[in-house]
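Colleague: Please take a close look at one part of this model, and then set it beside what lies elsewhere in the chain.

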Amino acid sequence: MSKKRVFATRLDFPGSGIKLLKEKYEVQCHSEPHIIPEDDLAERIKGADALFCISTDKINKKILDAAGPQLKVIATMSLGFEHIDVNECKKRNIQVCNAANPISVSVVAEFTIGLLLAVSRKIVESSGAILRGEWTETWTPDWYVGRGLTNATVGIVGMGRIGQAVLDRILPFGVAKVLYFDIYTPVLKEEKGAHFTTFDRLLANSDYIIVTCNLTDDNRGMFDEKAFSLMKPNAVFINTSRHVSRNTFC
């Protein structure tokens, strides 16, 4: 009996995972470590029994039609599955599952803190100034000092796993207060160090605003002209939401 065939959309998927698949299945991969074009995916997926993909691969009706009726499993190496037409998969009895990277929460949270520090202490700006030869004195009182996080108010929009991981990492910096807004309230108790408030109050009172929510039909366009007008004139806006789209804003 011939082995079931799995098509993987990336050449650079973790080798250990591909090795495990090859023990039981015939595995074919996209030939380059880049996003596979839709037409190439439609051609390569023909006859496959399973698909291994990531969030940049758009698995729509065209791709499902090209695959054929034998396709029964779509596994995505991502936390979300907005890139997959789940309703169409249900009609075809295709099982959709995700294999989220266990370190993805800490990666995004630490990247968020990195952006926060870079902006609050003007790290990128000062580095650029040094490269341009503008560091002409060993030290001056206000040279690229930055606002900093001490005694600042930080607002987090979206207090899921990533939002809570950001909260855990930001408290040791001596911030005055952390506000949060989430459609599921209360997500956590105040003794953890964050205070629930309305979306408008968070915008009006925060020195730093961090977005870590998912893009859904309910929050699409939430950061519009009105939202930005409510922010402090010198507020810093950091977007590390999981599904980035221009439609999230304005």
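**Helix H7 and its surroundings**

Modeller: The buried residues of helix H7 pack against helix H5 (104-120) and against three strands, S6 (153-157), S7 (177-181) and S9 (208-211), all of this in a model that is predicted. Helix H7 covers residues 161-170, and the residues that it buries are Ile162, Gly163, Ala165, Val166, Leu167 and Ile170.

Strand S6, one of the elements against which H7 packs, also bounds a loop that begins after helix H6 (123-131), and Trp135 is found in that loop. Trp135 has a relative accessibility of 48%, and because buried means under 20% and exposed means over 50%, this residue counts as partly exposed. Together with Ile130 and Trp143, Trp135 forms a nonpolar patch on the surface, and the accessible area of the three residues together is about 310 Å².

Elsewhere, five strands make up an open sheet with parallel pairing, in the order S2-S1-S3-S4-S5. Strand S2 (26-29) and strand S5 (95-98) stand at its edges, and because each has a single partner strand, one side of each is left without a neighbour in the sheet. From one strand to the next, the twist averages 20°. Within this sheet, strand S1 (residues 5-8) pairs with strand S3 (residues 50-53) in the parallel sense over three bridges, and Ala8 has Phe52 in S3 as its bridge partner. Helix H1 (residues 15-22) packs on the sheet, where it touches S1, S2 and S3, and the direction of H1 makes about 140° with that of S2.

Technical notes:
Residues are numbered from 1 along each chain as its sequence is written. This is a predicted model: local features need pLDDT of at least 70, side-chain atom pairs count only at pLDDT 80 or more; totals for chains, interfaces and linings use all residues. Side-chain values use heavy atoms; hydrogens and water are left out. Two strands pair if DSSP finds at least two bridges between them. Helices (H or I, at least four residues) and strands (E, at least two) are DSSP runs, numbered from the N terminus. Axes are lines fitted to C-alpha atoms, for helices over the stretch in contact, and angles run from 0 to 180 degrees between N-to-C directions. Contact means heavy atoms within 4.5 Å. Buried means under 20% relative accessible area, exposed over 50%, partly exposed in between (1.4 Å probe, protein chains only). Patches are made of residues with over 30% relative accessible area and no salt bridge: like charges are joined within 9 Å, nonpolar side chains (Val, Leu, Ile, Met, Phe, Trp, Tyr) within 5 Å. Accessible areas come from the Shrake-Rupley method with a 1.4 Å probe; for residues, only the protein chains shown count as cover. A salt bridge is a side-chain nitrogen of Lys or Arg within 4 Å of a carboxyl oxygen of Asp or Glu.
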